[in-house]
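I opened the notebook to go through the aromatic side chains, then a surface patch, and then a few backbone and burial details.

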Amino acid sequence: MYSLLLIILYTSTNIANSYEHENLTFRLDYHLDKQNILAFDFFQKYHADRVGETATRHNRAKDGSENNRYEDQQREEWKINCGSLVEYLHQFSFGGSFSARAYVKYDNTPTDKNSIVWGKEMVYDEKEDHWAHHSIDQKGQLLYHSPKWGGFNFSLREKVGFMNTRISDAISLFDYHVTQVLTSGALNYRVGRFSFVAEGGYESYHHKLETLSDNTKGDVMNTYRDFLYNLSATWRINSRNTFTASYKHSINRPTYTQLYPFVHVGSNIGSRVKGNEDLQPSVTNQIQGKYKFSVPSLTLTTSVTYQKKSKDITSIAAYDEEEQVNVKTWINDAEYNTVRGAIEGEMRADKFSMTFGARVQRLWYDGETVSEDKAWSYRFKIRPQLKLPNDWMLSAVSLYNGRESHLHWYSNPFTYLA
């Protein structure tokens, strides 16, 4: 004899959002005389976002009995930012300029999340999670622009920054200190239809993670010293045709949450992450060739770009034996190669104009923990607009993003119309 138990399952969800946003910006430029300007800038932002979600899952058996599950989740996030900038600019009578700038910014971003799960014949479960970020960012800069001698001029920059951050969450508390010194310069040279730009600098970047919670491991300190540089050459063949070639070398350094070697909440509240104090910066090298065609009714720009990223800071899933919890962590792993072709343009005819663009990209990468993969992706956009009498404007936009397939995930294509 067989018995059949029929269960009907359905879920209802209610979501309530509440937002309060306020921004204030003030700027004052005072001209001391024809050659000297003093500028003062102040900004302040306050954002409060509250999201409440209530879900009910109904389980009804054939005999009519119910065993419902109720879930209630409340998330509140505040963002308070304020800062000021003071800048002095002097224009030399013989050409060139000198400027000095001081900048201070304060950020405060607390986030709270409360969730409750209850129901018949189940244990009442209430969880609270929170994450807070307080930081003071201070920067100073001296900048000199030389006068032009024929087609030649240069600039020199000295930049110093200090940032102190305190991160507190449900299970950890630590401070993060950064000292950054950048000495850089730029060289510009133009002769006839040819121009050349070279920018480079030497940066010393020191950061320290100071553990304030009860952990036996010491502080984490790293000092990075790197050369950063960009090169660009432009050949204006004639009034219609221009060709540009460029090379860029850049560094991406790990963040505090990627370095902190203990389990903590992280900015994505609700998840658990554990940093890797042995992380090193990833390095990106990019080469690009660009061609521009321009006539009164049409501007067309095509480009081909190759980019290689080495020792990428790759996120992986792991299990922390000490805390006995699944965590997200990071390692220097994947090697990325990207080839991208793009075309952008603008058509103009009296009161009608239209911008458009298309891009095709080939990406391939491999690593010890990231499976070797290759993927094509496509994108297209178009935006026509028509000027009407009395300063009216009629415009439309269409964007298509093609499907991108990988071994373990893919993104669906989508079309946007407005």
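I began with the aromatic residues, keeping in mind that this is a predicted model, and I found that Phe-92, Phe-94, Tyr-144, Trp-149, Phe-152 and Phe-154 form one aromatic cluster. Counting ring pairs over the model gave me 15 aromatic pairs. From these I looked up Phe-92 and Tyr-144, whose rings meet edge-to-face, with 6.2 Å centre to centre and 65 degrees between the planes. I noted that this pair links distant parts of the chain, since Phe-92 is in the loop between strand 3 (69-91) and strand 4 (97-119) while Tyr-144 is in strand 5, and the two are 52 residues apart. I wrote down Phe-92 as partly exposed because its relative accessibility is 26%, and Tyr-144 as partly exposed because its relative accessible area is 25%.

Next I turned to the pair of Tyr-176 and Tyr-256, which is tilted, at 5.6 Å centre to centre and 50 degrees between the planes. Tyr-176 lies in strand 7 and Tyr-256 in helix 1 (residues 256-259), so this pair ties together parts that are 80 residues apart in sequence. Both Tyr-176 and Tyr-256 are buried. I also checked for a charge over a ring, and recorded that the charged end of Arg-253 sits over the ring of Tyr-205, 4.6 Å from its centre.

I then moved to the surface, where Leu-24, Phe-26, Leu-28, Tyr-30, Leu-32, Leu-38, Phe-40, Phe-42 and Val-86 make a nonpolar patch of about 800 Å². Two elements, strand 1 (7-31) and strand 2 (36-61), each give two or more residues to the patch, and strand 1 has the largest share, with 4 residues. I looked at Leu-24, which is found in strand 1 and counts as partly exposed because its relative accessibility is 43%.

For the backbone I kept in mind that most residues other than glycine have a negative phi. Lys-311, not a glycine, has a positive phi of about 55 degrees; I located Lys-311 in the loop between strand 14 (298-310) and strand 15 (313-320). Asp-391 likewise has a positive phi, near 65 degrees, and is found in the loop between strand 19 (373-388) and strand 20 (392-395). Lys-311 counts as partly exposed because its relative accessibility is 49%, whereas Asp-391 is exposed, with a relative accessible area of 81%.

My last entry concerns Ser-353 in strand 18, which I put down as buried because its relative accessible area is 13%. Leaving aside neighbours within four places in sequence, Ser-353 is in contact with Glu-346, Met-347, Arg-348, Arg-383, Pro-384 and Gln-385.

Technical notes: Residues numbered from 1 in each chain as written. Predicted model: local features only at pLDDT ≥ 70, side-chain atom pairs only at ≥ 80, totals over all residues. Heavy atoms only, no water. Patch = residues over 30% accessible without salt bridge, like charges linked within 9 Å, V, L, I, M, F, W, Y side chains within 5 Å. Areas by Shrake-Rupley, 256 points an atom, 1.4 Å probe, with all protein chains shown as cover. Salt bridge = Lys/Arg side-chain N within 4 Å of Asp/Glu carboxyl O. Buried < 20%, exposed > 50% of the residue type's maximum accessible area, 1.4 Å probe, protein only. Contact = heavy atoms within 4.5 Å. Phe/Tyr/Trp six-rings, centres within 6.5 Å; stacked < 30°, edge-to-face > 60°. Lys NZ or Arg CZ within 6 Å of the ring centre and 35° of its normal.
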